[in-house]
Amino acid sequence: MKSRSRESKSLGNFTGTLVLVGAGKMGSAMLDGWLVRGLKPKHVAVIEPQPSKPLKALARRGLKLNPKGKTAPASAVVIAVKPQTAPEAVPPLAGYAGKTTLVLSIMAGRTIGFLEKSLPPGTAIVRAMPNTPAAIGRGISVAVANANVSPRQRKQATNLLAAIGKVEWVSNEALMDAVTALSGSGPAYLFLLAEAMTKAGIAAGLPAELAGNLARETVTGSGELLYRSNLDAAVLRQNVTSPGGTTAAALEVLMGPGGFDEILTQAVAAATRRSRTLAG
Ligand SMILES: NC(=O)c1ccc[n+]([C@@H]2O[C@H](COP(=O)([O-])OP(=O)(O)OC[C@H]3O[C@@H](n4cnc5c(N)ncnc54)[C@H](OP(=O)(O)O)[C@@H]3O)[C@@H](O)[C@H]2O)c1
């Protein structure tokens, strides 16, 4: 088994101000992760119309909540508002974007081009796509940078995103549609798998509650096994499949014509197309 200790890149040395715009589900998960990594509340400013109780408590420990007055360039600005809020939320951030500021956006579908139009020329921008397991620090984000991002800022973006899970980089922004379709929407595919397994168990004669528990524990336990293992998914699958056995009988159906591979390929292609359309 791999020892997958969470990357503990310290943010204790962070200097200047980190401005978080939008402290909803994702923004709060990121903020929690940054604080765990040693970021001091006094280095954080949060813009959030409806601050939660924990956010207000952090404000009493030095975090600046909805700062008023003239804005000064920040070290980093993290944009975590809904994509539809972007046209009103992003332009006012121009005052925070100085020559050395990193702007990191996790808004689905909002392109680097959109952000460049709303921010001063020359702004260093990273666009990233995380996924829902970020809420428990087990997400995966894929990031892409514009030409203004320095190696130091790239490292800084990796550090900020590492607070909610693993980080991958691509150099071609067009890949973000497929990324959205695979890892962005992917958690829903796994939840659907658990639902479908529950229904299949009931159809095979199991009581509903037992079927639900078996499906849930099988999906989550197998996910954890895959996470901790050095082996590929294909090898783990082969390891639980004896020739002529029960698993083999099921896999003949799942891997046959119209099976998992085909359906998932079609599903991911449909999500990729939708992501392209939504991004315009
Ligand atoms: N959730 C995911 O799994 C996921 C995955 C990938 C990417 N993302 C991206 O992450 C971003 C945040 O998603 P989320 O699920 O965290 O959404 P969310 O829970 O709705 O959080 C957005 C927050 O921004 C606040 N807000 C609205 N207008 C604002 C403004 N003008 N300035 C500052 N804050 C403002 C909202 O406050 P109000 O509630 O008062 O409007 C809310 O608290 C989205 O762009 C989404 O595409 C999310």
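This section describes the overall architecture of a predicted model, the surroundings of its ligand, and a selection of individual residues.

The protein chain comprises 280 residues, of which 38% count as buried. Its secondary structure amounts to eleven helices and eight strands. Taken along the principal axes, the box filled by the C-alpha atoms of the protein chain has dimensions of roughly 70 × 40 × 35 Å.

The ligand is surrounded by 23 residues. Lys25, Met26, Glu48, Val81 and Ala108 are the closest of these residues. Classification of the shell around the ligand gives 14 nonpolar residues, together with five polar and four charged ones. Oxygen atoms of the ligand take part in several polar contacts with the protein. In the case of Lys25, a backbone N or O atom is found 2.9 Å from a ligand oxygen. For Glu48, the contact is made by a polar side-chain atom, at 2.7 Å from an oxygen atom of the ligand. The side chain of Gln50 likewise places an N or O atom 3.0 Å from an oxygen atom of the ligand. On its own, the ligand has 900 Å² of accessible area, and the protein covers 78% of this area. The space that the ligand takes is the second largest pocket. Two or more residues of the shell around the ligand are given by each of two elements, namely helix 1 (25-36) and helix 3 (86-89).

Gln50, whose side chain contacts the ligand, is situated in the loop that links strand 2 (44-47) and helix 2 (53-60). With the protein chains alone taken into account, Gln50 is classed as exposed because its relative accessibility of 68% lies over the 50% cut-off. The C-alpha atom of Gln50 is 26 Å from that of Val126, and the two residues are 76 positions apart in sequence.

Two further loop residues were examined. Asn66 belongs to the loop between strand 3 (64-65) and strand 4 (76-79). The phi angle of Asn66 is near 45 degrees, which is a positive value in a residue other than glycine. Asn66 is assigned to the partly exposed class because its relative accessibility, 24%, falls between the limits of 20% and 50%. Ala134 occupies the loop between strand 6 (124-129) and strand 7 (139-145). A relative accessible area of 3% is under the 20% limit, and Ala134 is therefore buried. Between Ala134 and Ala200, which are 66 residues apart in sequence, the C-alpha to C-alpha distance is 29 Å.

Residues within helices were also considered. Val179 is part of helix 6, which spans residues 176-184. Its relative accessibility is 13%, so Val179 counts as buried. Val179 is separated from Val36 by 143 residues in sequence and by 28 Å in space, C-alpha to C-alpha.

Thr277 is located in helix 11, formed by residues 260-279. Thr277 counts as exposed because its relative accessibility is 59%. A polar atom in the side chain of Thr277 lies 2.8 Å from the backbone oxygen of Arg273. Although 168 residues separate Thr277 and Gly109 along the chain, their C-alpha atoms are 9.4 Å apart.

Methods
Residues are numbered from 1 along each chain as its sequence is written. This is a predicted model: local features need pLDDT of at least 70, side-chain atom pairs count only at pLDDT 80 or more; totals for chains, interfaces and linings use all residues. Side-chain values use heavy atoms; hydrogens and water are left out. A residue is near a molecule or strand if one of its heavy atoms lies within 4 Å of it. A polar contact is a pair of N or O atoms within 3.5 Å; within protein, one must be able to donate a hydrogen and the other to accept it, and residues adjacent in sequence count only if both atoms are side-chain atoms. Accessible areas come from the Shrake-Rupley method with a 1.4 Å probe; for residues, only the protein chains shown count as cover. On a 1 Å grid over the protein atoms alone, a cavity is a set of points where a 1.4 Å probe fits but cannot get out, and a pocket is an open set with protein on both sides within 12 Å along at least five of seven lines; lining residues have an atom within 4 Å of a point. A molecule sits in a cavity or pocket if more than half of its atoms lie within 2 Å of its grid points. Helices (H or I, at least four residues) and strands (E, at least two) are DSSP runs, numbered from the N terminus. Ala, Val, Leu, Ile, Met, Phe, Trp, Tyr, Cys and Pro count as nonpolar, Asp, Glu, Lys and Arg as charged, and the others, Gly among them, as polar. Buried means under 20% relative accessible area, exposed over 50%, partly exposed in between (1.4 Å probe, protein chains only).
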